[in-house]
Amino acid sequence: MIGFIADSLLLLPFLFVTYLGLEAIESKAGGALARILGRVHFISPVFASAAGAVPQCGFSAAAASLYAGGAITLGTLLSVFLSTSDELVPVLLGVKGVPASVVFKIVAIKTVVAALVGLTVNTIIYFTRGSLKIEPRVDELCSHSRCGCHHRRGIVVPALIHTMEIFVFIFVISAAIELVTHFLGESWMLSLSMNKPFVGELIGAGLGLIPNCAASVASAQMYAGGAMSAGALMASSFAGCGVGFLVLFRARRGIVNNLFILLLVYVIGVVAGYLTGGLL
């Protein structure tokens with residue numbers, strides 16, 4: 001429980017900087033920042049996948065907020081989500097029987113695949129819509145949350161309001177998941193047999209979507225014990241974007257579009273896991 005609280009608190013600086021940036025983009029002083037983002041958004045998945053590869057879920061939470069605020073493209077969001085490893089990487093490094101070289105391979109594979117997926121999605125959007133223009137819309141975040149922060153002057157207070165609102169939502173949902181996991185135990189996850197071709201990837205990707213470190217611990221233990229195939233581990237890792245989806249569903253309107261992104265990450269996780277498992 002202490003670890004869960006600490007992980008939640010680590011999200012605060014990521015969220016605050018993100019919303020501060022969004023407020024700056026919307027203000028007159030942020031016009032230059034918006035133009036810079038507009039110039040690099042096509043290749044931004046390359047940088048986004050590298051940032052997401054850092055073993056924490058703060059960047060996925062930040063990316064979800066930026067996407068909800070219209071500051072990044074769908075391709076960039078997917079790159080961060082797919083490259084994010086949550087707690088899986090540090091947990092694997094601490095599990096006996098899993099060489100460090102395997103962990104580094106996982107991070108490298110995820111980074112490359114995430115960048116390729118993001119670039120592909122951006123390309124598809126560009127040719128179907130004729131543009132990848134981004135339109136920052138912090139006002140939609142405000143109307144969705146009804147925070148009333150735009151009645152205040154400056155950008156710091158509105159950023160703080162949005163940060164605390166999202167943080168409280170994440171904390172409550174994560175606490176509920178933590179309690180359920182505590183009472184059920186991790187045995188039900190460890191009992192899953194995920195060493196069958198493709199079936200393991202289907203289950204593994206679903207396991208990765210659980211925004212809780214217990215899923216990462218279970219995946220690491222099952223892989224080390226031979227109960228999870230390399231493909232299932234990769235599928236779980238691709239889909240394991242931490243609290244990213246919690247932020248996305250809270251900050252962005254359009255439940256159908258959000259569910260589509262969730263399904264897209266799951267399907268990509270399954271397919272990418274199946275195709276890359278043999279590389280470990």
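In this predicted model, helices H11 and H15 meet in a right-handed crossing. The axes of H11 and helix H15, the latter spanning residues 255-276, come within 9 Å and cross at roughly 135°, an angle that makes H11 oblique to H15. On the H11 side the contact is made by Glu201, Leu202, Ala205 and Gly206, and on the H15 side by Tyr266, Val270, Gly273 and Tyr274.

Helix H11, which covers residues 199-208, also packs against helix H13, which covers residues 230-239, and here the angle is about 30° with the axes 7 Å apart. Because angles under 35 degrees count as roughly parallel, H11 is described as roughly parallel to H13. The residues that H11 brings to this contact are Gly200, Glu201, Gly204, Ala205, Leu207 and Gly208, while H13 contributes Gly231, Ala232, Ala235, Ser236 and Ala239. The crossing in which H11 passes H13 is right-handed. Glu201 and Ala205 of H11 thus appear in the contact with H13, and Glu201 and Ala205 appear likewise in the contact with H15.

Ahead of H11, the loop that follows helix H10 (187-190) contains Phe198. The phi angle of Phe198 is near 70°, a positive value in a residue other than glycine. As background, most residues other than glycine have a negative phi. With a relative accessibility of 39%, Phe198 counts as partly exposed.

A further pair of helices is formed by H3 (residues 44-52) and H5 (residues 74-83), which pack at an angle of about 25° with their axes 7 Å apart, and which are therefore roughly parallel to each other. H3 passes H5 in a right-handed crossing, and the residues that meet are Ser44, Pro45, Ala48, Ser49 and Gly52 in H3 and Gly75, Thr76, Ser79, Val80 and Ser83 in H5. Ala115, a residue of helix H7, is in contact with several of these positions: when neighbours within four places in sequence are left aside, Ala115 touches Pro45, Val46, Ser49 and Ser79. The C-alpha atoms of Ala115 and Val80 are 8.6 Å apart in space, although the two residues are 35 residues apart in sequence. Ala115 has a relative accessible area of 11% and is accordingly buried.

For the chain as a whole, the secondary structure comes to 15 helices and zero strands. Of the 280 residues in the chain, 48% are buried. Among contacts with a separation of 6 or more, 82% join residues 24 or more positions apart. The largest nonpolar core has 64 residues, and those with the most contacts inside this core are Leu15, Leu74, Leu77, Leu92 and Ile261. Helix H7, residues 100-129, gives the most to the core, with nine residues. Leu74, beyond residues up to four places away in sequence, touches Tyr67, Val121, Ile125 and Ile261, and Ile261 is itself listed among the residues with the most contacts inside the core.

Leu233, placed in helix H13, has a relative accessibility of 0% and so counts as buried. Not counting residues up to four places away in sequence, Leu233 touches Leu88, Leu92, Ile106, Ser219, Tyr223, Met228 and Leu280. One of these partners, Leu88, lies 145 residues away from Leu233 along the chain, and the C-alpha atoms of the two are separated by 9.6 Å. Another partner, Leu92, is one of the residues with the most contacts inside the largest nonpolar core.

Helix H14, which comprises residues 244-251, is mostly covered, six of its eight residues being buried. These buried residues are Gly244, Phe245, Leu246, Val247, Leu248 and Ala251.

Aromatic contacts were also examined, and the structure holds three aromatic pairs. In one of them, Tyr126 and Phe127 are arranged edge-to-face, with 5.5 Å from centre to centre and 85° between the planes. The two members of this pair fall into separate accessibility classes, Tyr126 counting as partly exposed at 37% relative accessibility, whereas Phe127, with a relative accessible area of 67%, is exposed.

Methods
Residues are numbered from 1 along each chain as its sequence is written. This is a predicted model: local features need pLDDT of at least 70, side-chain atom pairs count only at pLDDT 80 or more; totals for chains, interfaces and linings use all residues. Side-chain values use heavy atoms; hydrogens and water are left out. Rings of Phe, Tyr and Trp (its six-membered ring) pair if their centres lie within 6.5 Å; planes under 30 degrees apart count as stacked, over 60 as edge-to-face and the rest as tilted. Buried means under 20% relative accessible area, exposed over 50%, partly exposed in between (1.4 Å probe, protein chains only). A nonpolar core is a set of buried Ala, Val, Leu, Ile, Met, Phe, Trp, Tyr and Cys residues joined through side-chain atoms within 4.5 Å. Helices (H or I, at least four residues) and strands (E, at least two) are DSSP runs, numbered from the N terminus. Contact means heavy atoms within 4.5 Å. Axes are lines fitted to C-alpha atoms, for helices over the stretch in contact, and angles run from 0 to 180 degrees between N-to-C directions. Angles under 35 degrees count as roughly parallel, over 145 as roughly antiparallel, 65 to 115 as roughly perpendicular and the rest as oblique. A crossing is left-handed if the near helix is turned anticlockwise from the far one by less than a right angle, and right-handed if clockwise.
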